[in-house]
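Me: I'm new to reading structures, and I'd like to understand the words people use for them. Could you look at this one with me?

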Amino acid sequence: MADAAEGQTRTAISADMQKVVGSELSRMVSYPISESDVRKWALAIYYPEEPPARFWDQDAAAGSPAGGIVAPEDFNPFAWLRAQPRGVSRSSAATDADSTERSLGIEGPHLMNQLNGGVSVEYGAPMRPGDVITSVTRLGQYSEREGSLGLMLFTPMETTWTNQGGEMVKRQTLVLIRY
Amino acid sequence: MIDVSSLKAGDELEPFSRTTDFHVWNRYAAVNDEYVPIHMDDEAGRAAGLPGAIGMGNLQWAYLHNVVRQWLGDQGRIVKMSCQFRNPNLRNQTVSACGRVTRIEPGPDGVEVDLEVWTQDQDGHKLAPGACTVHLDR
């Protein structure tokens with residue numbers, strides 16, 4: 001964190017961090033979504049009760065307006081393993097509060113902790129079994145303020161998902177809070 | 001089935017409620033690959049300045065979708081959703097996802113409805129307040 005001279009407001013946003021605003025943070029391509037992935041997701045988010053049949057029963061889903069099984073809007077096709085980048089990724093992003101900036105080759109703000117501060121999503125085409133989703137995430141504009149946990153740094157991550165047909169699946173902004 | 005003609009601001013959705021603890025969080029971690037220490041271990045939660053282990057924000061997010069989907073059925077779709085994670089979901093809390101109609105805007109092929117949505121604990125304290133827009137078919 002940048003030191004502040006006496007009388008100045010302290011900041012966690014360095015000049016290097018300002019320069020990388022707008023940079024691409026990640027680009028991922030999912031494996032084709034499977035019906036099993038959708039079923040397990042639905043079971044987890046509705047547990048312990050049975051999820052709606054349209055997420056797991058082909059016959060029920062076929063008679064719905066969607067005409068077949070669709071994934072819940074909040075479904076994540078990138079969990080565990082992605083087609084690109086290939087291989088198992090054991091990212092330190094969840095525990096390393098500097099991982100965002102490190103991934104861009106610069107020093108992070110050296111704050112100790114991080115939390116998901118909030119999320120905003122616009123939905124487009126639904127995700128269906130067989131779909132291949134591409135995700136591109138860019139770094140938004142930093143902001144900061146003093147809060148109950150000390151200096152709090154807000155980092156928006158702006159993500160767009162598209163399917164194999166080029167249709168927008170969702171546009172999301174997630175705000176990472178570091179303190 | 002939603003009666004679109006009688007829908008009005010202030011109408012409340014039937015809440016979606018779950019008692020949350022590791023048995024719920026572990027299942028979500030399993031599908032979202034979200035084995036993060038603060039969601040798995042009380043000590044890790046305390047080390048991060050929290051009362052103990054906390055539930056995933058992503059699961060609160062899912063519950064907000066669940067309450068809206070439960071109301072919509074096959075009658076429409078979620079257009080937009082947002083929320084802020086204001087308070088942590090602690091072990092053994094009963095979390096309810098709730099919703100209330102705030103605005104109704106008729107369109108050529110249906111109705112756009114804005115909702116206030118939120119999750120709350122068993123004492124009514126809000127955890128994740130947010131907003132949602134849905135499209136209802138005529």
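Reply: Happy to; let's take a few terms in turn, keeping in mind that this is a predicted model.

Me: Why are α2(A) and α1(B) called roughly antiparallel?

Reply: Helix α2 (residues 35–46) of chain A and helix α1 (residues 22–32) of chain B pack at an angle of about 155°. Angles over 145 degrees count as roughly antiparallel, so these two helices earn the name. Their axes are 8 Å apart, and the crossing is left-handed.

Me: Which residues of α2(A) and α1(B) meet?

Reply: From α2(A) come Lys40(A), Trp41(A), Ala44(A) and Ile45(A), and they meet Arg27(B), Tyr28(B), Ala30(B) and Val31(B) in α1(B). By class, this contact has six nonpolar, two charged and no polar residues.

Me: How do you know that β2 of chain A and β2 of chain B pair?

Reply: Pairing takes at least two bridges, and strand β2 (residues 114–123) of chain A and strand β2 (residues 76–84) of chain B have five bridges, in the antiparallel sense. For instance, Ser120(A) stands opposite Ser82(B).

Me: What makes β2(B) and β5 of chain B a pair?

Reply: The cut-off is at least two bridges, and seven bridges join β2(B) to strand β5 (residues 126–137) of chain B, so they count as paired. These strands run antiparallel. Ile78(B) has Val134(B) in β5(B) as its bridge partner.

Me: What pLDDT does chain B average?

Reply: Chain B averages 95, and 100% of its residues score at least 70. Among its elements, strand β1 (residues 16–19) has the highest mean pLDDT, 98, and helix α2 (residues 37–40) the lowest, 93.

Conventions
Residues are numbered from 1 along each chain as its sequence is written. Chains are lettered from A and ligands numbered from 1 in the order in which they are written. This is a predicted model: local features need pLDDT of at least 70, side-chain atom pairs count only at pLDDT 80 or more; totals for chains, interfaces and linings use all residues. pLDDT is the predictor's confidence in each residue, from 0 to 100. Helices (H or I, at least four residues) and strands (E, at least two) are DSSP runs, numbered from the N terminus. Axes are lines fitted to C-alpha atoms, for helices over the stretch in contact, and angles run from 0 to 180 degrees between N-to-C directions. Angles under 35 degrees count as roughly parallel, over 145 as roughly antiparallel, 65 to 115 as roughly perpendicular and the rest as oblique. A crossing is left-handed if the near helix is turned anticlockwise from the far one by less than a right angle, and right-handed if clockwise. Two residues are in contact if their C-beta atoms, placed from the backbone, lie within 7 Å. Ala, Val, Leu, Ile, Met, Phe, Trp, Tyr, Cys and Pro count as nonpolar, Asp, Glu, Lys and Arg as charged, and the others, Gly among them, as polar.
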